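Visitor: I am new to this structure and would like a close look at a single part of it, the main sheet. Please take me through that part slowly and then show me how the rest is arranged.

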Amino acid sequence: MTYNYMNYSSKIAFPSGVVDYIFLPKDGLKKSSVEELAVSYDKQHIVIITDDHIAALYEPLFKGYKTLVVPALESAKDLHTIGTLCRQLLDLEAGRNTLLIGVGGGVVTDVTGFVASVYMRGIAFGFVPTTLLGMVDAAIGGKNGVNLGLTKNLIGTITQPKFILYDTGFLQTLPNVEWSNGFAEIIKCASIFDAGLFDELAAQNISFYKHDDHALLALIEKSAAWKNNTVIADEKETGVRKLLNFGHTAAHAIENMYELPHGKAVAIGMVIACMVSEEVAGLSAADTERLKKLLQQYHLPVSLSINAAKAMEILRMDKKRKDDLIDYIVLERIGHGAIRSLPFNVVEKALEAYASHN
Ligand SMILES: NC(=O)c1ccc[n+]([C@@H]2O[C@H](COP(=O)([O-])OP(=O)(O)OC[C@H]3O[C@@H](n4cnc5c(N)ncnc54)[C@H](O)[C@@H]3O)[C@@H](O)[C@H]2O)c1
Ligand SMILES: [Zn+2]
């Protein structure tokens with residue numbers, strides 16, 4: 001594989017496959033007119049999937065490539081879109097030698113990974129994440145899920161991409177609100193694994209990382225490394241990978257119901273998880289306050305008026321639920337997450353308590 005503008009690349013071995021992490025210098029992809037995308041594949045055999053927003057913003061990038069466009073909406077992450085894409089691939093005569101490349105945020109990479117995993121029982125795919133959230137989280141780890149109604153990521157596969165291509169130049173056009181959404185996952189990572197990273201984040205703000213390329217890249221690499229290492233240890237999520245779900249149980253219950261961006265839902269989910277953690281895992285009220293303060297510093301919400309009964313209905317479909325118990329991620333202290341099998345009604349009570357205070 002050769003990349004004209006490559007800074008460096010490293011191969012990470014997951015149980016189900018090796019992923020090439022390719023870090024281009026900022027704007028490398030734009031400057032080289034996507035030649036890097038050709039990888040070792042014939043351009044003829046590449047199909048790009050992106051969303052309508054990125055397709056318009058980065059039009060020249062897609063010139064000369066077969067490109068399929070999905071709506072830039074969470075609601076497009078569903079089986080209908082998967083069916084449409086499969087039919088479009090068939091129309092393009094895509095076959096086993098086709099490489100699918102998802103260029104976009106988590107919606108695009110989830111959909112691309114899912115389609116690639118099922119089309120003709122699986123074809124090769126790679127990702128070019130264009131959001132901060134995608135770079136630190138969604139593009140990593142091989143989970144490719146789509147929603148069923150309001151239930152998040154109910155249907156999916158775990159299949160690793162061949163490569164993930166990083167170009168932080170994309171973040172120059174990323175709206176502020178999407179920067180915040182990306183920081184929700186970075187703050188999650190710091191909360192469960194890395195008290196030092198939590199302190200670094202507390203000492204900085206979004207503007208600092210926006211203007212310091214070196215610090216931003218280091219932050220992306222550190223967050224990506226936490227996720228990589230966790231997935232290498234437990235790709236199928238039978239143990240330690242569950243920690244990455246901190247804040248996600250409640251988030252998944254409210255995200256689609258209130259049409260919240262994923263990062264905002266996770267921020268609120270983390271606050272609810274802190275309430276549970278104070279009760280069952282000895283988290284101090286001071287640590288809950290530190291996390292709330294950090295979320296607000298990165299322009300993330302800590303309160304939302306929610307309908308607890310409706311949220312519970314969705315929560316009952318949660319993949320982490322086993323009869324009357326649920327695998328729930330708590331914090332014992334900042335930088336130290338833990339998995340607890342909790343009676344479902346503990347989570348129910350926390351949701352009710354949260355709903356009555358907001
Ligand atoms: N597979 C996983 O492990 C995993 C992990 C975390 C999140 N996710 C999923 O990822 C999704 C959230 O991802 P997301 O936050 O990237 O959202 P997204 O894909 O919806 O993108 C958010 C918005 O930003 C726009 N955008 C993307 N790149 C841009 C750029 N460079 N400049 C300007 N605008 C740009 C998009 O068009 C969209 O409007 C959710 O569906 C979530 O469930 C998956
Ligand atoms: Zn998430």
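Guide: The part to look at is an open sheet of seven strands, in the order E1-E2-E9-E6-E5-E3-E4, with mixed pairing. Strands here, like helices, are DSSP runs numbered from the N terminus, a helix being H or I over at least four residues and a strand E over at least two, and two strands pair if DSSP finds at least two bridges between them. Strands of a sheet pair through backbone hydrogen bonds, either parallel or antiparallel. At the edges stand E1 and strand E4 (66–70), each with a single partner strand, so one side of each is left without a neighbour in the sheet. From one strand to the next the twist averages 20°; for such angles, axes are lines fitted to C-alpha atoms, for helices over the stretch in contact, and the values run from 0 to 180 degrees between N-to-C directions.

Before going further, please keep in mind that this is a predicted model, in which local features need pLDDT of at least 70 and side-chain atom pairs count only at pLDDT 80 or more, while totals for chains, interfaces and linings use all residues. Residues are numbered from 1 along each chain as its sequence is written, and chains are lettered from A and ligands numbered from 1 in the order in which they are written.

Starting at the E1 edge, strand E1 (residues 8–14) runs antiparallel to strand E2 (residues 17–23), and seven bridges join them. The two strands form a hairpin with two residues between them; along this pair, Ala 13 stands opposite Val 18 in E2, and Ser 9 stands opposite Ile 22. E2 is also joined by four bridges to strand E9 (residues 163–166), and these two run parallel, with Phe 23 opposite Tyr 166 in E9.

Further along the sheet, helix H4 lies across strand E3 (46–51), E4, strand E5 (99–104) and strand E6 (124–129), running at about 165° to E5. In strand E6 you will find Phe 127, which is buried, with 29 other C-beta atoms within 10 Å; a residue is called buried if 20 or more other C-beta atoms lie within 10 Å of its own, exposed if 12 or fewer, and partly exposed in between, with C-beta atoms placed from the backbone. Leaving aside residues up to four places away in sequence, Phe 127 touches Gly 102, Thr 109, Thr 112, Ala 139, Pro 161 and Ile 164, where a contact means that the C-beta atoms, placed from the backbone, lie within 7 Å. Phe 127 and Leu 165 are 38 residues apart along the chain, yet their C-alpha atoms are separated by 6.3 Å.

Helix H4 (106–118) also belongs to the surroundings of ligand 1, since the elements giving two or more residues to that shell are helix H2 (52–57), H4, helix H5 (132–138), strand E8 (151–158) and helix H6 (176–193). Of the 29 residues around ligand 1, those that come nearest are His 53, Gly 105, Gly 106, Val 107 and Thr 131, and a residue counts as near if its C-beta atom, placed from the backbone, lies within 6 Å.

Elsewhere, three strands form a second open sheet in the order E10-E11-E12, with antiparallel pairing, and its edge strands are strand E10 (321–322) and strand E12 (336–343), each pairing on one side only. Two bridges join E10 to strand E11 (residues 325–333), and Arg 321 stands opposite Ile 326 in E11. Helix H11 (residues 262–280) packs on this sheet, touching E11 and E12, with its direction at about 80° to that of E11.

A last residue to find is Tyr 298, in the loop between helix H12 (285–297) and helix H13 (308–315). Tyr 298 is buried, with 21 other C-beta atoms within 10 Å, and, again not counting residues up to four places away in sequence, it touches Ser 180, Phe 183, Ile 187 and Ile 206.

Taken as a whole, the protein has 14 helices and 12 strands, and buried residues make up 45% of its 358 residues. Its C-alpha trace spans about 55 × 40 × 35 Å along the principal axes.

Key: Contact = placed C-beta atoms within 7 Å.
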